[in-house]
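I opened this notebook to keep track of what I looked up in the model, chain by chain. The entries follow the order in which I went through the structure.

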Amino acid sequence: MTHAYTPGLRVAEKTTIRKSRVLPLPGEVVVKKGDRVEAESVVARTELPGKVFSVNVAGRLSIPPGEVVKYMLKREGDPVEKDEILAESKSLFAWLKASCSSPIKGTVETISSITGQVLLREPPQPIEVRAYIGGGVVEVMEKEGVVVETTATFINGIFGVGGEVVGPLELGVSSPEEVLEPKGIRQEHAGKILVAGSLVTWEAMDKARNMGVLGIVTGGVYDEDLRSLLGYDLGVAVTGSEKTGLTLILTEGFSRINMAKKTFELLQARRGRKASINGATQIRAGVVRPEIIIPLTEGGGAALETEGPLVETGMAVGAMVRVIREPYFGKIGKVKSLPAELQTIETEAKVRVVEITLADNSTVVIPRANVEMIQL
Amino acid sequence: MIEPKDLNIILATDCGSTTTKAILIEKKGEEYRQTYRGESPTTVESPFEDVTRGALNSFTELEELSGRKILDGEKIIMPARGDEGVDVYVSTSSAGGGLQMMVAGAVRSMSAESAQRAALGAGAIVTDVIASNDKRLPHERIELIRQHRPDMILLSGGTDGGTVSHVVELAEHIAAANPRARLGTTFKLPVLYAGNKDARDTIRKVLEERTYLQITENLRPSLEAENLMPARQKIQDLFLEHVMAHAPGYKKLMTWTSTPIMPTPAAVGVIIENEARRHGISIVGVDIGGATTDVFSVFDGNFTRTVSANLGLSYSISNVLAETGAENVLRWIPFNMGEADLRNRVKNKMIRPTTIPQLQGELQMEQAIAREALRLAFEQHKALAVGLKGVQRVRDISETFKEVKEEGLVNMLKLDLLIGSGGVLSHAPRRPQAMLMLIDAFLPEGITRLGVDSIFMMPHLGVLSSIQPAAAQEVFEKDCLVPLGTCLAITNTGRWGEKCLEIKLNYTDGRKTEDSIPFGELRLYPLGPKEEAELEAHPARSFDLGKGKGHALKSRVTGGVVGLVVDTRGRPLNIPKNNRIELLKKWANALGAYPNS
């Protein structure tokens with residue numbers, strides 16, 4: 001029988017997570033192998049070159065670019081203060097003198113005799129990389145960064161926006177069916193990551209970010225509400241760098257869809273714990289899905305991978321699946337049979353199907369491409 | 001290696017971004033025929049991240065359907081022994097998905113803008129534009145490059161002989177980011193340098209070690225001149241040969257094949273170009289996939305290929321909606337659907353790209369989006385299919401910042417054959433659906449033959465033609481190209497319902513048909529795959545079939561599985577909003593496109 005390799009998203013109660021934390025430029029790693037770090041701990045830092053400003057000296061002094069060097073009062077590498085004169089034209093008459101001052105404090109980077117431009121660079125800027133997850137430093141990459149390892153609950157979202165945030169996990173709803181509305185968001189949620197049920201409305205997202213909520217994990221969202229959050233229509237699912245003021249992770253999809261029971265219960269069980277979440281998503285080859293990492297501080301011992309091995313072996317009779325397309329979108333069922341023959345569906349297309357039994361004991365036939373494997 | 005003439009059993013796959021399609025071609029007597037086909041989801045996603053899993057699944061399906069044992073464990077039995085194995089295995093791949101590029105230029109409104117035009121022209125999605133004067137802090141640029149994980153960076157800046165410092169500074173930022181390719185952490189990110197030629201040595205010093213640096217001609221050699229073609233071509237080459245080649249598992253796949261794996265669009269291009277040359281005709285071919293849509297054209301012997309990397313029906317489906325707007329999609333849906341509903345459905349397809357429509361309405365929604373993807377891809381193609389290939393385009397200073405209209409190669413009245421390929425066209429449950437989508441999207445004028453790739457095997461045949469061209473041609477003509485029929489269309493517009501066209505059809509078997517067709521109709525006349533008829537069409541005084549207003553057209557037309565379609569809906573096609581649903585249903589019914597429509 002052909003295996004039905006149906007990608008499923010990772011939902012693990014307890015697993016080992018390793019995260020590389022790397023500087024954008026070589027710098028200094030400030031922790032050692034074996035150190036314990038908190039999510040907020042700085043693990044590496046560096047100084048990045050300052051912002052570059054260009055000054056059109058040739059234009060300002062009305063001289064040919066090739067003569068700029070002659071009129072410069074500063075040389076490449078010289079420090080300059082803000083408003084300090086960089087170059088000055090010479091004239092017998094003082095009122096005909098023209099000068100050019102520095103718009104910034106920094107250093108003279110280059111003087112171009114081709115364009116007549118002078119590039120100034122601001123002082124270097126310190127940059128720090130934090131651990132993002134609490135755990136142990138298991139690897140140090142000299143001058144580049146570290147690998148932090150922790151035992152954690154790990155949940156993949158299906159889609160997200162916004163980057164890494166860390167904060168205590170809090171429930172905004174009491175069930176996976178419930179909608180997170182503005183009234184569900186309170187002052188004490190500031191600085192926290194909120195869990196919604198089947199939906200979070202735009203009004204709730206707006207209130208949440210204004211109140212200082214760091215992130216929201218929800219079953220679904222309406223696309224028009226996502227557009228309101230982003231301020232534009234998302235074309236390609238490559239996200240993570242949005243400056244929305246709120247990291248949003250969907251576990252199920254667009255529209256109102258109940259969060260999977262297991263996912264909700266796991267999040268519920270981890271209420272109050274510090275969670276590290278990242279909405280970064282890339283849905284193409286080399287896929288990246290958003291993540292929710294909740295380090296487990298107690299329990300210790302070897303990490304126990306509780307994810308089922310189902311996805312590795314293919315779909316089989318008895319496996320639990322979720323329908324991921326209309327008409328039974330979001331419904332969960334058990335695989336009853338996997339007919340080998342192609343079957344004609346409503347569109348008149350002949351496709352491979354799976355027969356599943358839904359919670360109400362009814363049996364439905366779904367294209368195999370429209371189910372994903374889950375664990376309950 | 002077996003001699004090409006001794007190839008009796010050929011296994012071929014196309015590993016697309018969504019599905020992996022395997023076919024079996026067998027020599028039966030003296031002719032090659034395609035016999036079986038299997039397919040499986042492409043397995044580049046987690047947890048597999050190995051394109052070969054999907055390939056093996058598709059082989060297993062072929063084994064089940066054909067009864068022929070192809071695999072010994074996970075190894076292809078080669079060469080064939082009796083009822084087991086195959087003589088050769090060939091493959092194409094586009095599993096790398098779409099092309100995402102960052103472009104960098106010294107000045108945002110000059111070289112960076114030219115670089116953006118070059119990247120867009122090559123079919124890329126430009127994820128961000130970096131420039132020395134973009135008001136970002138250097139570390140912000142560096143972080144951006146790291147975060148985006150683009151497939152490729154195009155770096156330009158400085159006119160030849162001009163400043164080198166700005167572009168070198170940008171190169172330093174790229175080097176500082178030490179960017180990693182999206183696919184495969186061990187590969188270097190391709191960086192294409194198309195800036196000041198005087199800076200090449202310095203750029204090499206800065207970037208060669210950390211990136212896969214390629215250098216091409218300056219795309220802005222002087223302020224007044226833009227020379228985009230070398231950069232465009234190089235981007236497409238890098239996309240095909242470098243980016244795609246790093247899809248997970250590709251290395252293993254390469255050890256299985258008997259000939260180098262060919263990028264899917266290149267293989268399709270080979271087949272289309274061969275067909276145009278063989279018959280001396282003009283062809284437009286389109287291959288609409290999950291992430292990309294490729295358009296190919298051959299007019300007067302000039303072959304042009306464009307890749308619209310952001311137009312497709314799974315990974316890129318939301319981008320089609322974003323680019324064309326909900327209104328343009330909804331105008332093709334023959335029932336009431338709210339914009340919010342459409343948006344949620346499209347986004348759900350985007351995040352779960354391998355799902356398929358189960359309901360009729362969902363199929364019609366995807367086919368509506370396909371029309372827009374095809375239309376936009378063809379627009380992009382027409383903009384690029386211009387006569388000045390590779391020649392430096394000189395602009396005077398007044399037009400430095402605007403596109404100059406060039407004479408296009410695509411001429412719809414000269415188009416002989418329009419071929420559609422890709423899942424939504426090849427696998428449309430009814431062939432009239434494919435014909436309707438092609439007519440609506442491409443708006444052929446005058447007389448045009450239409451065909452579809454029967455089961456999406458042009459890529460397979462393209463790569464096969466590199467080792468056994470005769471077999472590829474034979475299978476293309478006998479099993480691959482399904483003639484849909486011929487479309488006769490007016491080239492201008494008029495008032496709905498006014499007298500438009502009189503036609504006479506004289507079939508070779510002696511049958512005759514005459515009809516009078518008002519403006520705004522789509523009518524189907526039976527004309528089977530091997531049938532021909534003499535067509536005489538007389539447009540009313542204000543209508544044109546390409547011969548001038550009111551001038552008659554006579555031609556021998558060939559049939560297909562759909563027949564002869566006469567389209568008097570006008571060019572451009574404007575669907576009235578007040579009775580849109582009624583008209584869409586009427587047109588679909590005229591072709592028998594959907595059940596109960």
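**Chain A, overall.** I began with burial and noted that, of the 376 residues of chain A, 49% count as buried. The model is a predicted one, and I keep that in mind for every entry below. For secondary structure I found six helices and 29 strands in chain A. I then looked at contacts in chain A between residues at least 6 apart in sequence, and 64% of these join residues at least 24 apart.

**Chain A, domains.** The domain assignment divides chain A into domain 1 (14–48 + 129–156 + 299–306), domain 2 (52–121), domain 3 (158–289) and domain 4 (310–373). The contact between domain 1 of chain A and domain 3 of chain A takes eight residues from each of them. For the same pair I looked up the C-alpha centres, which lie 24 Å apart.

**Chain A, a three-stranded sheet.** I next turned to an open sheet in chain A whose three strands follow the order β2-β4-β11, with antiparallel pairing. Which strands of chain A stand at the edges? They are β2 (28–29) and β11 (125–130), and because each has a single partner strand, one side of each is left without a neighbour in the sheet. Strand β4(A), residues 42–48, pairs with β11(A) over six bridges in the antiparallel sense. Within this pairing I noted A:Glu47, which stands opposite A:Pro126 of β11(A).

**Chain A, strands β24, β27 and β28.** Further along the chain I followed β27(A), residues 353–358, which is joined by four bridges to β24(A), residues 332–337, the two running antiparallel. On the other pairing I checked, five bridges join β27(A) to β28(A), residues 363–367, and these strands also run antiparallel. A:Thr357 of β27(A) appears in both pairings: A:Lys334 stands opposite A:Thr357, and in β28(A) the bridge partner of A:Thr357 is A:Thr363. The hairpin of β27(A) and β28(A) has four residues between the strands, and there A:Asn361 takes a positive phi near 75 degrees.

**Chain B, domains.** Moving to chain B, I recorded its division into domain 1 (4–96), domain 2 (100–246) and domain 3 (266–386 + 410–591). The C-alpha centres of domain 1 of chain B and domain 2 of chain B lie 38 Å apart.

**Chain B, a five-stranded sheet.** I found an open sheet of five strands in the order β3-β2-β1-β6-β13 of chain B, and its pairing is mixed. Its edges are β3 (31–41) and β13 (262–263) of chain B, each with a single partner strand, so one side of each is left without a neighbour in the sheet. Helix α1(B), residues 51–66, packs on this sheet and touches β1, β2 and β3 of chain B, and its direction makes about 125 degrees with that of β3(B). Strand β1(B), residues 9–15, pairs with β2(B), residues 19–28, over seven bridges in the antiparallel sense. In that pairing B:Leu11 stands opposite B:Leu24 in β2(B).

**Chain B, a helix pair.** How do α4(B) and α5(B) lie, roughly parallel or roughly antiparallel? The axes of α4(B), residues 165–177, and α5(B), residues 200–207, come within 9 Å and cross at roughly 15 degrees. As that angle is under 35 degrees, α4(B) is roughly parallel to α5(B). I noted the crossing of the two helices as right-handed. From α4(B), the residues B:Val168, B:Ala171, B:Glu172, B:Ile174 and B:Ala175 meet B:Thr202, B:Ile203, B:Val206 and B:Leu207 in α5(B).

**Chain B, a hairpin.** I then looked up β15(B), residues 293–299, which is joined to β16(B) by seven bridges, the strands running antiparallel. B:Val295 has B:Thr306 as its bridge partner in β16(B). This hairpin has two residues between the strands, and B:Asp300 takes a positive phi near 50 degrees. Strand β16(B), residues 302–308, is mostly covered, with five of its seven residues buried.

**Chain B, one residue.** My last entry concerns B:Asn589, which is found in helix α17(B), residues 580–591. Is B:Asn589 buried or partly exposed? B:Asn589 counts as partly exposed because it has 15 C-beta neighbours inside 10 Å, whereas a buried residue would need 20 or more. I also looked up B:Gln236, which is 353 residues from B:Asn589 along the chain, and the C-alpha atoms of the two are separated by 41 Å.

Definitions and conventions: Residues are numbered from 1 along each chain as its sequence is written. Chains are lettered from A and ligands numbered from 1 in the order in which they are written. This is a predicted model: local features need pLDDT of at least 70, side-chain atom pairs count only at pLDDT 80 or more; totals for chains, interfaces and linings use all residues. Two strands pair if DSSP finds at least two bridges between them. A residue is buried if 20 or more other C-beta atoms lie within 10 Å of its own, exposed if 12 or fewer, and partly exposed in between; C-beta atoms are placed from the backbone. Domain bounds come from an automatic or database domain assignment. Two residues are in contact if their C-beta atoms, placed from the backbone, lie within 7 Å. Axes are lines fitted to C-alpha atoms, for helices over the stretch in contact, and angles run from 0 to 180 degrees between N-to-C directions. Angles under 35 degrees count as roughly parallel, over 145 as roughly antiparallel, 65 to 115 as roughly perpendicular and the rest as oblique. A crossing is left-handed if the near helix is turned anticlockwise from the far one by less than a right angle, and right-handed if clockwise.
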